[in-house]
Amino acid sequence: MKRFKFILVRNFVGMVLLVLAIVYAAFNMITNRYITTEASRELARSVSSMEGIANHTAVVPPLSRHIQIMPRDEVFENIFVQWREVNPLRQLMLNTDGIIISGDNELVSPFINDDILFLGNYYVNNRSQFEDGAMVRLVGEQKAFYLTSAKLVLPEGTLYSILLYTDISSALLFMRNVNRTLGFLLIISAFVGLLISVIMSSRVQRAVLRLGRYAEVIGQGRFDEKVGDFEYREFGELAQSMSAMSHKLSTYENNQKQFFQNVSHELRTPLMSIKGYAEGITENVLDKDAAAYIILAEGERMEELVNQLLFISRMEGGLDELRVSSLNLHEILYDSAERVRILAEKNGKEITFGFPPAERAIVTDEEKLHRVLGNILTNAIRHAKLAIKIAYEDTHEGEVCISVENDGSLIAESDLPHIFERFYKGADGNSGLGLAICKDIAERLGGRVTAENTEHGVRFALYLPQAVL
């Protein structure tokens, strides 16, 4: 497995080298194209001027002499004089000159030097390359040229070749000097890039290692440890997220411990009762019918507690998925009341309704809504004196508020903030899970549940959105 530092250094240096290599290649390509294009233009213009002068059609300055029938050397000299007059030097590096070659391959130019001899010999030995005015690049030991040729017919009908050339040596020398500079910059940039990437990667590596050690500390259950500050904001934000996670894990662990302690306590009480009455039956010291009734009641209590614990476990484990559908709210409320009607009648309580006759649709999870309403109604039946009223209304926030109000004793002000906490039991409380489950389900459905004292008793309100997405 490759180390992060190595990958970062390699990629950073590689990027720097790639950029400089692209600049190097682009410079050479553009410069070569420029040299070729400019040489082609200069040679084409020179060919046009030379042919015009030779054929008496060139535009000649007033002081120039027209070609006359004169000795051959004078004709050539006159052509070159006029050509240089109409073609002054226009380039810093690309200057055009010419050579005249006879049909017998003799150099008859008035100006002869080593370059002219070299170019003339090359033309004589490679005439086929210059057909149709082609431009040829010739590189010697110390110089480089672009060449082209044209035909020159003197008044007496003698045919000569004009070899026009431009020396690109200075341009190529300039390009080589720039290339050496770019190569030097390439090496310096690679070294600087390597140094910068090593420094940066070392800092990043230290930050990552600190976060890794902090993660190990959290994994060991030491949630009070602090990771400290970081130089880079992104790592600081990650550290803050890990600290928040550590706090949540600490809270969760404490809640789990408290949860298991409460579960053990809640299960111990009915188990001890069942065990005690069972022993009484075995020893024939208790009435069997009365003892059996108590054992059955405690068993039902344990069953309800276990069902509630299993439901909480599924909720927290993400196993209890939402099954959303469009529901008739009237039918849901009537059905929920019907499910607890026998319990209400057995305790002498009456359930009434207070909502408009027009049916109302809501999009939510039917099973979870029934469980919330069942828990709230069961709690209301246990605490009501005579009546429980079910109602609903639409709020200004676009929610549906389902309320269950009973005429029982008021909840102590000290208990109101805690009645939805797990295993918190107020006066005449049962297991301390029913209302906690209501709160969890309401939040799962995107809503909330509240409790408040009223003039007539206690009112529980379930707020749900119009649709659960």
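Guide: A polar contact is a pair of N or O atoms within 3.5 Å, where one can donate a hydrogen and the other can accept it. The model here is predicted, and Asn406 offers an example: its side chain reaches the backbone nitrogen of Gly408 at 2.8 Å. That value is within the 3.5 Å limit, so the distance suits a polar contact.

Visitor: Where does Asn406 lie?

Guide: Asn406 lies in strand β9, which covers residues 399-406.

Visitor: How do you know whether Asn406 is buried or exposed?

Guide: The relative accessible area of Asn406 is 4%. Buried means under 20%, so Asn406 is buried.

Visitor: Which residues does Asn406 touch, leaving aside residues up to four places away in sequence?

Guide: Asn406 touches Ala380, His383, Ala384, Ala387, Ile388, His456, Gly457 and Val458. One of these, Ala380, is a buried residue of helix α9.

Visitor: What is known of the span of helix α9?

Guide: Helix α9 runs over residues 366-383 and has 18 residues. From its first C-alpha to its last it reaches 26 Å, close to the 26 Å expected at 1.5 Å a residue. Its buried residues include Lys368, His370, Asn375 and Ile381.

Visitor: What makes Asp365 a cap of α9?

Guide: A side-chain oxygen of Asp365 lies 3.1 Å from the backbone nitrogen of Glu367, at the N-terminal end of α9. The limit for a polar contact is 3.5 Å, so 3.1 Å falls within the limit.

Visitor: Why are Arg41 and Glu38 said to form a salt bridge?

Guide: The closest N and O atoms of Arg41 and Glu38 are 3.2 Å apart. A salt bridge needs a side-chain nitrogen of Lys or Arg within 4 Å of a carboxyl oxygen of Asp or Glu, so this pair qualifies. Both residues lie in helix α1 (residues 4-54), 3 residues apart, about one turn of the helix.

Visitor: How do you know whether Arg41 is buried or exposed?

Guide: Arg41 has a relative accessible area of 53%. Exposed means over 50%, so Arg41 is exposed. Its partner Glu38 is at 13%, and the limit for buried is under 20%, so Glu38 counts as buried.

Visitor: How many salt bridges does a search of the whole structure find?

Guide: The search finds 9. Among them is the one between Arg341 and Glu338, at 3.2 Å from N to O. Arg341 has a relative accessible area of 25%; partly exposed lies between under 20% and over 50%, so Arg341 is partly exposed.

Visitor: What makes the meeting of Glu443 and Lys439 a salt bridge?

Guide: The N to O value for Glu443 and Lys439 is 3.0 Å, and the cut-off is 4 Å, so the pair is a salt bridge. Being 4 residues apart in helix α10, Glu443 and Lys439 are separated by about one helical turn. Glu443 is at 47% relative accessibility and Lys439 at 32%, so each is partly exposed.

Visitor: Which residues of helix α10 are buried?

Guide: Helix α10 covers residues 434-444, and its buried residues are Gly434, Leu435, Ala436, Ile437, Cys438, Ile441 and Ala442. Just after α10, Gly446 takes a positive phi of about 85°.

Visitor: Why does Ser169 count as buried or exposed, whichever applies?

Guide: Ser169, found in helix α4, is at 13% relative accessibility. The limit for buried is under 20%, so Ser169 counts as buried. The side chains of Ser169 and Asp167 are joined by a polar contact of 2.6 Å. Ser169 also touches Gln142, Lys143 and Ala144, not counting residues up to four places away in sequence.

Visitor: How do you know whether Phe191 is buried or exposed?

Guide: Phe191 lies in helix α4 (residues 169-219) and has a relative accessible area of 55%. Exposed means over 50%, so Phe191 is exposed.

Visitor: Which residues make the nonpolar surface patch?

Guide: Phe184, Leu185, Ile188, Phe191, Val192, Leu195, Ile196, Ile199 and Met200 make a patch of about 820 Å².

Visitor: How many helices and strands are there in the chain?

Guide: There are 10 helices and 11 strands. Of the 469 residues in the chain, 38% are buried.

Methods
Residues numbered from 1 in each chain as written. Predicted model: local features only at pLDDT ≥ 70, side-chain atom pairs only at ≥ 80, totals over all residues. Heavy atoms only, no water. Patch = residues over 30% accessible without salt bridge, like charges linked within 9 Å, V, L, I, M, F, W, Y side chains within 5 Å. Areas by Shrake-Rupley, 256 points an atom, 1.4 Å probe, with all protein chains shown as cover. Helix = DSSP H or I, 4+ residues; strand = E, 2+ residues; numbered from the N terminus. Buried < 20%, exposed > 50% of the residue type's maximum accessible area, 1.4 Å probe, protein only. Expected span 1.5 Å × (residues − 1). Contact = heavy atoms within 4.5 Å.
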